[in-house]
Amino acid sequence: MAESLPPRPDIDWLRKTAKQRLAVLRAEDPGARLHQAQLAVARDHGFPSWRALKAHVDALSLDGQVVAATLRGRADELDALLAAHPAKRDITGGSWNRPLLHLAAEAGHLACVELLLRRGVEIDRRDRSDNATALHWAASGGQLAVVDRLLAAGADPDGAGDEHELGAIGWATCFRQTHAAVAERLLAAGAAPTVLSAVALGREDLVRSLAAADPAQVMRPMSRFDRRRTPLHLAVIKNRPGMVRLLLQLGADPRAVDNRGDGPLDGLPPNADPGIPRLLAEAGAAPKDTPRFRGLIPILNVRNVPAAIAYYRDKLGFRLDWEWGDPSGFACIDRGSARIFLCQGAQGGPGMWLCIDVEDVDALHREYQASGAIIRQPPTNFPWGMREMNVEDIDGHRLRMGGEATGSADGVDLMES
């Protein structure tokens with residue numbers, strides 16, 4: 001029978017309890033890890049995982065209720081909580097432990113943004129992880145209505161000084177998605193254009209004017225978080241052949257490499273315009289001279305290869321490519337371009353994690369629901385820009401399957417246990 005939680009559990013109590021359990025576990029097994037103690041504590045209280053227990057406790061706390069109301073866009077609930085506890089307007093939480101205004105802005109919850117502004121939150125407050133304001137997060141999420149409201153309330157349209165060194169307009173343009181309408185609104189509000197945002201937008205007029213004022217701008221590197229790519233790298237990633245041509249004309253170095261040693265030609269997207277590699281090759285660019293990796297195949301240790309093959313085939317839609325031994329002790333399965341080796345009792349370790357890029361994770365989720373696959377977490381938008389589903393096989397290995405996020409983060413942690 002599950003133990004009852006204290007009347008007012010909190011996160012500090014959870015951490016203390018897990019550390020106490022770890023000490024007990026290590027008395028029997030010196031190699032015990034904290035995540036094992038956390039799982040044991042969760043199961044003691046009737047929860048399947050530490051994250052599930054933590055989410056429950058967070059929801060019971062006042063801070064958890066405030067953050068949850070903000071993330072879900074429940075303005076009336078948030079208003080009532082802040083009316084009773086005004087100081088809670090300044091707490092942080094959610095993904096990356098950000099201020100409430102940041103969370104509401106990224107998710108596009110305009111009513112919550114309005115409420116927080118009325119309650120006097122600092123409009124240009126910076127978060128700890130990215131030194132970014134709420135405007136940065138609204139811009140990165142393409143939340144035009146929120147951007148308009150923040151600008152009307154006096155938000156700094158430039159937002160210089162963030163860790164990505166891009167300003168708010170760069171957050172609207174230089175990440176996975178280019179939100180042109182948001183960028184144009186920021187420009188109209190007085191944001192200074194940058195060569196990187198101009199490249200992402202395909203604004204040749206802005207690139208020309210910026211380069212005329214400072215020729216070095218055509219080689220301005222991005223931040224260390226963005227691999228120190230040059231504007232030419234970004235033009236290739238954004239699939240803008242006209243911009244590639246212009247930057248080369250303005251003196252961009254086609255051989256320049258980022259901090260991983262990749263040149264512009266190494267970053268071609270799968271759907272790249274055929275004119276881009278031609279332009280780069282004519283300018284003298286070439287792929288890396290070092291031997292290039294052609295693929296990677298993980299090896300999963302399984303208890304029984306035929307049983308593992310059956311699960312991957314019947315539940316996950318993989319195909320048996322080949323198997324070795326009699327009885328089979330090693331096999332290769334594949335689906336599309338994803339290949340996995342299965343090894344019985346030798347190579348690999350327990351609890352391995354794999355990431356698999358898929359075109360439509362929601363369609364795959366429906367397929368797996370019908371097949372009876374072990375789904376640990378349904379498709380979820382995470383703050384790192386991915387929409388992922390968490391699937392387990394019969395040997396406890398995890399497959400993180402997904403693609404580009406379909407919207408703002410759902411405010412849910414990745415289920416790791």
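**Exercise 1. Identify the residue of E9 that stands opposite Gln 377, and describe how E8 and E9 are joined.**

Solution. Gln 377 has Asn 390 of E9 opposite it. The model is a predicted one. Strand E8 covers residues 374-381 and runs antiparallel to E9, with five bridges between them. The two strands make a hairpin with four residues between them. In that turn, Gly 385 has a positive phi of about 85°.

**Exercise 2. Follow E9 to its pairing with E10 and find the bridge partner of Glu 392.**

Solution. E10 spans residues 398-404 and pairs with E9 in the antiparallel sense over seven bridges. The partner of Glu 392 in E10 is Arg 398. Five residues lie between the strands of this hairpin, and Gly 396 takes a positive phi near 85°.

**Exercise 3. Sort the residues of E9 by the direction in which they point, and state whether they are buried or exposed.**

Solution. Begin with the general pattern: side chains of a regular strand alternate between the two faces of the sheet. In E9, one group consists of Met 386, Glu 388, Asn 390 and Glu 392. Arg 387, Met 389 and Val 391 point the other way. Both groups are buried. Buried here means under 20% relative accessible area. Seven of the seven residues of E9 (386-392) meet this criterion, so the strand is largely enclosed by the rest of the structure.

**Exercise 4. Determine the strand order of the sheet that contains E3, and locate its edges.**

Solution. The sheet is open, has four strands in the order E3-E6-E5-E4, and its pairing is mixed. Its edge strands are E3 (299-302) and E4 (319-324), each of which pairs on one side only. Ignoring direction, neighbouring strands are turned by 25° against each other on average. E4 pairs with E5 (residues 330-335) in the antiparallel sense over five bridges. Within this pairing, Trp 324 has Phe 330 of E5 as its bridge partner. Helix H17 (residues 305-314) packs on the sheet and touches E3, E4, E5 and E6 (338-344). The direction of H17 makes about 155° with that of E6.

**Exercise 5. Classify the arrangement of H13 and H15 from their axes, then list the residues that meet.**

Solution. The axes of H13 (residues 204-213) and H15 (residues 241-249) come within 11 Å and cross at roughly 15°. H13 is therefore roughly parallel to H15, since angles under 35 degrees count as such. The crossing is right-handed. From H13, Glu 204, Val 207 and Arg 208 meet Gly 242, Met 243, Leu 246, Leu 247 and Gln 249 of H15. By class, this contact has four nonpolar, two polar and two charged residues.

Methods
Residues numbered from 1 in each chain as written. Predicted model: local features only at pLDDT ≥ 70, side-chain atom pairs only at ≥ 80, totals over all residues. Heavy atoms only, no water. Axes fitted to C-alpha atoms, helices over the stretch in contact; angles between N-to-C directions. Parallel < 35°, antiparallel > 145°, perpendicular 65-115°, else oblique. Left-handed = near helix turned anticlockwise from the far one by under 90°. Contact = heavy atoms within 4.5 Å. Nonpolar A, V, L, I, M, F, W, Y, C, P; charged D, E, K, R; others polar. Pairing = 2+ DSSP bridges. Buried < 20%, exposed > 50% of the residue type's maximum accessible area, 1.4 Å probe, protein only.
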